[in-house]
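Please open the model in your viewer and keep the selection tool at hand. The stops below are meant to be taken in order.

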Amino acid sequence: MFEQIYPKFKEIFKRRWVKVFLAFIVVLMALNIVFPPKVNVTYSTLVTDKKGEILHAFLSTDEKWRMFVELKEITPTLRKAILAKEDKYFNYHFGVNPVAIFRAAFNNITEKRRTSGASTITMQVVRMLKPDKRTYLNKIFEILRAIQLETVYSKDEIFQMYLNLVPYGSNIEGIKSASYLYFQKSPDRLSLAEVVTLAIIPNRPTSLRLGTKNPLIVEERNKWLKRFQKAKVFDNQSINDALLEPLTVFRHEAPKDAPHLSLRLKKQFANEAIIHSSVSKATQTKVEQMVANYVNRTRAMNINNAAVLVINNETMQVEAYIGSAGFNDKLDGGQVDGVQAIRSPGSALKPLLYATAFDKGIITPKNIINDVPTNFNGFEPENFDKKFNGKVSVEFALANSLNIPAVKVVKDVGKTTLIEQLKKAYFQTVKKQEKDLGLSIVLGGCGVTLEEMTQLYAAFANDGNWQKCSLLNVMSLDDKRTGLSWVNKCLKNMQIWNKPPRQNSTSSEFRYPSLKKGEEFSVSANPLQMRGEQLISQSATYLITEILAQIKRPDLPNNFDYTYRLPKIAWKTGTSFGRRDAWSIGYNKKYTVGVWVGNFSGEGVPELSGAEIATPLLFQIFNTIDYNTSSEWFRQPKDVVSRQVCAESGDLPSEYCSNKILDYSIKNNSHTRKCTHLKKFYVNLSESMSYCMQCLPEDGYKEKLYSNLAPELISFYELKHVLYEKIPTHNPNCTRFFKTANNAPIITNPNNGSEYYLNTNDAQQLQLACQTANDVKEVYWYINDRLLQKTLANQPVFFRPSLGKLKISCTDDKGRSSSISVMIKGE
Ligand SMILES: [Zn+2]
Ligand SMILES: [Zn+2]
């Protein structure tokens with residue numbers, strides 16, 4: 001068999017044309033290796049909204065409008081019209097059309113003029129990729145390159161390249177750019193007449209310039225439409241309709257919406273031609289307009305900027321991103337991106353603090369905290385209104401944003417715990433400032449961004465589960481060509497990529513070529529971004545939401561029009577020190593909206609407050625974007641249970657507590673402290689003297705309950721002249737020595753461990769002050785263990801200290817004692 005075939009093969013290979021053909025193939029292969037086809041095109045970066053509509057277009061690096069057309073935008077009509085006009089045999093040839101070449105060559109020789117009729121679409125692509133002088137030699141190279149291109153790329157890809165590169169005059173290249181800049185729509189929405197218009201211009205981009213030569217273009221267009229009719233490329237009805245279509249277009253500006261977001265994404269994905277953002281164009285435009293109008297009104301108060309972030313809680317995608325009140329407002333730094341700017345949060349971190357305290361079981365909503373002047377080792381916070389409220393409940397303290405209770409809770413929870421929580425929630429500046437942060441962190445003594453804050457509140461809307469928000473529409477990855485639809489499941493929780501997944505990619509979707517099914521992929525530096533983090537329990541989140549959704553609260557704007565529809569949302573305001581930042585962040589089941597209002601210059605304004613300035617805008621936005629949604633609200637988790645507590649303390653009632661109220665608690669988690677708000681004492685019948693078991697007389701005494709007030713509250717009552725029932729003096733004949741560490745005086749001035757500078761020429765004095773238990777009448781002050789003075793409790797003492805280290809002690813009339821030490825330095 002083989003012997004029979006082999007000679008025949010030999011015979012064939014002896015033929016000359018076979019040899020030439022084989023040589024040709026070898027040469028081509030060699031050329032492919034030595035001179036690989038260079039497709040080095042830079043595109044205009046396009047940022048689209050979540051539906052794919054262009055929000056913002058940037059010029060390419062070579063200053064062209066060259067927008068990348070996606071395969072799905074190339075409709076059959078577009079394809080048919082262009083091929084019918086440019087290259088009827090495109091689908092059949094191998095880059096060149098020999099018949100056409102011979103005909104053109106013949107024409108060139110006989111008629112002494114050059115025609116481009118011989119150029120196939122592939123050859124035109126070659127020429128557009130590398131424009132050369134039109135010589136015969138270059139023509140030959142062009143043919144070789146065209147054949148080469150066909151061996152490397154599919155017909156679809158070559159046609160796509162053609163559409164991306166065809167010139168439309170000026171700096172407009174590609175059918176998509178022309179389609180957007182003249183017709184203001186994507187190529188797949190063009191009518192037949194529009195398609196033919198765009199098909200005829202590239203041959204004569206200067207003489208047929210859209211906008212200026214429209215009548216001439218219509219004439220030319222109709223000529224081609226009639227040719228198509230003759231050749232039966234399209235049906236008669238379509239042609240007749242197209243013939244009648246007027247042409248009134250002119251050149252428009254490229255879209256420039258969502259500028260802050262677009263710039264940010266362009267920087268992040270520098271090599272992507274199309275970036276599918278998560279923003280909804282409709283929401284973006286509406287909110288943008290609202291912010292601009294709002295700031296137009298606040299300008300009268302010298303409040304010149306605002307930023308808003310809208311997050312869809314379900315997808316954690318950003319639906320609106322407004323970096324400033326006006327990008328082009330150069331006077332007030334409109335180009336600053338207020339979503340990413342580092343500002344002080346004021347009180348807006350308090351919900352996280354209280355939620356953490358609920359989770360630690362330290363407090364429940366009805367627990368009582370003393371809102372009285374307190375010195376935290378030198379730090380003496382004040383409330384926003386500079387007033388003190390005495391005993392308040394936790395929920396009142398949070399809803400009214402009281403500062404002293406909040407700092408007390410930070411102290412109980414632990415500053416480090418709160419910082420850890422903020423780090424878990426990806427607060428980047430807090431992470432950097434960690435070592436310098438004090439208790440004031442919860443009053444705004446740290447740096448945050450609107451993005452971090454809104455993300456945090458979105459965790460409240462998601463049962464305490466924190467996830468980074470996404471600026472990209474990850475669903476656009478669901479593309480058959482990637483073969484990675486399963487990726488979507490993993491991607492649902494996936495967030496902003498730190499790096500573009502594929503360098504030099506011009507395609508719209510991100511591809512992960514090395515990914516295998518089930519493989520965890522490292523698209524972000526932070527694995528948290530993939531999974532989300534249970535920041536606080538669902539139960540604690542529910543308790544916070546209940547408090548933040550209360551309507552009766554002081555941070556409703558004063559001039560709030562109650563006929564205006566109040567959306568059902570949970571929200572918290574914040575005003576930073578010096579009234580530089582006004583915050584209002586709210587959420588319902590569907591959206592979390594973060595609003596910041598202030599000046600990028602950092603200038604404070606007396607009128608600026610979260611309640612008065614940021615909240616009205618927050619309500620407006622909710623009313624607009626979430627107007628008619630169902631009133632579905634958060635459900636009470638099964639671990640949140642009701643229990644009876646003493647109204648005086650919020651702790652579990654003791655036998656003496658009569659005023660009982662209902663409070664929420666978290667099952668197996670909340671504290672089970674017994675209330676001690678009343679304490680039983682033995683007193684004489686006139687209630688002027690008290691006894692202990694040791695000095696109790698045999699008759700003539702009774703039992704009486706007295707309020708067990710904390711020393712700080714007694715000091716406050718004394719200061720404010722609030723009446724309270726004092727425990728009668730202890731029997732003076734009693735021999736018992738009361739020495740328990742409990743309820744010893746608290747030295748409130750000076751501060752333990754502090755240094756004091758004394759002017760040596762002056763008669764400067766140091767003040768001694770303490771807080772004592774309810775049963776104390778007098779205290780004894782000691783300096784370096786030597787008695788200085790006996791005085792009434794709660795009455796300050798002044799003395800002139802000596803230089804050096806001082807031990808200051810205070811002993812009450814029950815023998816309970818405490819000491820501090822300070823350093824006195826002279827100047
Ligand atoms: Zn009680
Ligand atoms: Zn006694």
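The tour goes from model confidence to cavities and then to aromatic rings.

Begin by colouring this predicted model by pLDDT, whose mean over the chain is 84, with 88% of the residues reaching 70 or more. Then select residues 475–530, where pLDDT stays under 50 and for which the model has 105 contacts beyond four places in sequence.

Next, turn to the enclosed space: a search of the whole structure finds two cavities of 30 Å³ or more, and the largest has a volume of about 40 Å³. To display its lining, select Arg 127, Asp 132, Lys 133, Arg 134, Thr 135, Asn 138, Lys 139 and Glu 142, a set that divides into six charged, two polar and no nonpolar residues. Helix H6 (residues 136–152) gives the largest share of this lining, with three residues.

Now show the aromatic side chains, among which the structure holds 20 pairs. Select Phe 376 and Phe 379, whose ring centres are 6.4 Å apart and whose planes stand at 45 degrees, so the pair counts as tilted; Phe 376 is buried at 8% relative accessible area, whereas Phe 379, at 25%, is partly exposed.

Move on to Phe 681 and Tyr 706, which form an edge-to-face pair because their planes are at 80 degrees, with ring centres 5.8 Å apart. Since Phe 681 lies in strand S17 (residues 678–684) and Tyr 706 in strand S19 (residues 701–707), the pair ties together parts 25 residues apart in sequence. Phe 681 is buried at 15% relative accessibility, and Tyr 706 is buried at 1%.

Finish by selecting Tyr 457, Phe 460, Tyr 587, Trp 633 and Phe 634, which form one aromatic cluster.

Technical notes. Residues numbered from 1 in each chain as written. Chains lettered and ligands numbered in written order. Heavy atoms only, no water. pLDDT = per-residue confidence, 0-100. Contact = heavy atoms within 4.5 Å. 1 Å grid on protein atoms, 1.4 Å probe; cavity = no way out; pocket = protein on both sides within 12 Å on 5 of 7 lines; lining within 4 Å. Points joined across faces, edges and corners; volume = space filled by probe spheres on them. Helix = DSSP H or I, 4+ residues; strand = E, 2+ residues; numbered from the N terminus. Nonpolar A, V, L, I, M, F, W, Y, C, P; charged D, E, K, R; others polar. Phe/Tyr/Trp six-rings, centres within 6.5 Å; stacked < 30°, edge-to-face > 60°. Buried < 20%, exposed > 50% of the residue type's maximum accessible area, 1.4 Å probe, protein only.
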